[in-house]
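Visitor: Please take me closely through one part of this model, the surroundings of its ligand. I should then like to see how that part is placed within the rest of the chain.

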Amino acid sequence: MTKLINGKEIAQNLRNELKKEIDNLRSKTGKVPGLAVVQVGNVAASSVYVKAKTKSAEEVGIKVIDHHLKEETSEKELLQLVMKLNKQVNVNGILVQLPLPNHINEQIILDSIHPDKDADGFHPLNVGKLSIASHNDENLLIPCTPYGCLIMLKGLGINLAGKNAVVIGRSNIVGKPMAQLLLKESCTVIIAHSKTQNLQEVCQNADIIVAAVGRPEMVKGNWVKNGTVVIDVGINRIEVKINGENKNKLVGDVDFKEAAKNAFAITPVPGGVGPMTIACLLRNTTIAFKNAQKN
Ligand code: NAD
């Protein structure tokens with residue numbers, strides 16, 4: 001029978017472990033990890049994410065330092081805030097919620113975060129470290145969504161070495177770091193993208209498929225061979241008719257119902273990868289705190 005990978009439960013387990021670890025750190029050092037959460041403007045989805053991240057962080061004992069700035073904040077003002085947070089000793093992780101308003105260059109802001117406080121793992125130095133490290137070093141700050149996917153894969157207890165893994169999507173935040181993580185597990189990795197030809201055939205040869213595209217139910221059931229593990233990162237809102245009424249529904253990049261017939265294990269949307277992303281943000285903040293104690 002196909003195994004449903006329960007992201008909510010795995011994320012809860014990770015948060016429980018982090019809570020214990022933070023309690024121990026508090027008893028030993030008298031301090032707790034601090035996470036600065038910076039939001040510029042009032043994009044509704046960003047406010048939802050910031051609220052969810054803040055709630056989860058506080059639940060595990062991380063202190064959240066909230067900076068909600070006006071939409072008109074200039075790039076210079078935001079840079080000045082990041083510089084201040086880079087020096088602030090009670091701040092171990094800095095999270096700048098994306099997207100930023102159009103007048104601010106996101107890359108300039110992300111690059112200005114001190115690599116040791118890079119809670120998202122997006123800084124070029126951390127991206128480089130992830131690429132160079134030969135194994136998954138516990139001190140690395142790794143992009144949260146792909147790391148969450150890796151935890152779910154490892155939790156299945158299968159030997160990842162030598163498996164054919166297809167990552168669909170080559171973004172800096174999901175596809176590329178996912179491929180790096182799978183490579184470190186000794187998978188044979190293919191990164192497929194918008195220009196890939198015969199994607200169906202490429203997927204049919206995969207033991208592991210990670211879909212991070214942003215196209216509702218693009219991966220069809222017959223793209224998934226028997227025994228494949230399917231991790232669906234996509235979050236897509238589609239309109240469906242329920243009792244004659246148009247309603248919004250969240251779906252992934254995979255046709256869940258059909259793919260589940262062939263898969264060995266599969267993540268649902270929602271309740272799969274999503275909860276893991278936040279849990280891994282808390283993990284990075286805790287790692288950054290521990291790294292700071294060593295210095
Ligand atoms: P992105 O838009 O930056 O990248 C999408 C990638 O898909 C691109 O690399 C592109 O080459 C590829 N692509 C586009 N069309 C394709 C096609 N027809 N065939 C093959 N590849 C194609 O997106 P992203 O930021 O990586 O996010 C991808 C999806 O994952 C989105 O739905 C996003 O909402 C979701 N996401 C979820 C989480 C989470 O926590 N669950 C986190 C990040 C992103």
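**The ligand and its surroundings**

Guide: A polar backbone atom of H193 lies 3.4 Å from a nitrogen atom of the ligand. This distance, like every other value given here, is computed from a predicted model. Two further residues approach the ligand through oxygen atoms. In R170 the approach is made by the backbone, where an N or O atom lies 2.8 Å from a ligand oxygen. In S171 it is made by the side chain, one polar atom of which is 2.5 Å from an oxygen atom of the ligand. Altogether, 22 residues surround the ligand, and those that come nearest are R170, S171, R215, I235 and T277.

One of these five, T277, leads to a helix. T277 is among the contacts of C144, which also touches A119, D120, C280, L281 and N284, neighbours within four places in sequence being left aside. C144 itself belongs to helix α6, which covers residues 144-155. Its relative accessible area is 5%, so it counts as buried, the limit being 20%. The C-alpha atom of C144 is 8.5 Å from that of V174, although 30 residues separate the two along the chain.

The sheet may be described next, beginning with strand β5. This strand spans residues 164-168, and four of its five residues are buried, so the rest of the structure largely encloses it. β5 has parallel partners in β6, to which five bridges join it, and in β7 (residues 208-211), with which it shares four bridges. I168 takes part in both pairings: its bridge partner in β6 is A192, and in β7 it stands opposite A211. The connection from β5 to β6 includes helix α7 (residues 175-184), and the three elements make a right-handed β-α-β unit.

These strands belong to an open sheet of six, with parallel pairing, ordered β1-β11-β8-β7-β5-β6. β1 (3-4) and β6 (188-192) each have a single partner strand and stand at the edges, so one side of each lacks a neighbour in the sheet. Elsewhere in the order, β8 (residues 229-232) runs parallel to β11 (residues 265-266), and two bridges join them. One pairing between these two strands sets V229 against A265 in β11.

The wider division of the protein gives the setting. Domain 1 covers residues 30-115, while domain 2 covers residues 142-274. Their C-alpha centres are 29 Å apart.

A last residue, T73, offers a view of another loop. T73 is located between β3 (63-69) and α3 (75-87). With a relative accessible area of 7%, T73 is buried. Its side chain makes a polar contact with the backbone oxygen of K70, at a distance of 2.5 Å. Apart from neighbours within four places in sequence, T73 is in contact with V40, L78, H103 and I104.

To return to the part you asked about, the polar approaches to the ligand described above include those of a backbone atom of R170, a side-chain atom of S171 and a backbone atom of H193.

Notes:
Residues are numbered from 1 along each chain as its sequence is written. This is a predicted model: local features need pLDDT of at least 70, side-chain atom pairs count only at pLDDT 80 or more; totals for chains, interfaces and linings use all residues. Side-chain values use heavy atoms; hydrogens and water are left out. Two strands pair if DSSP finds at least two bridges between them. Domain bounds come from an automatic or database domain assignment. Buried means under 20% relative accessible area, exposed over 50%, partly exposed in between (1.4 Å probe, protein chains only). A crossover is right-handed if, with the strands pointing away from the viewer, the path from the first strand over the helix to the second runs clockwise. A polar contact is a pair of N or O atoms within 3.5 Å; within protein, one must be able to donate a hydrogen and the other to accept it, and residues adjacent in sequence count only if both atoms are side-chain atoms. Contact means heavy atoms within 4.5 Å. A residue is near a molecule or strand if one of its heavy atoms lies within 4 Å of it.
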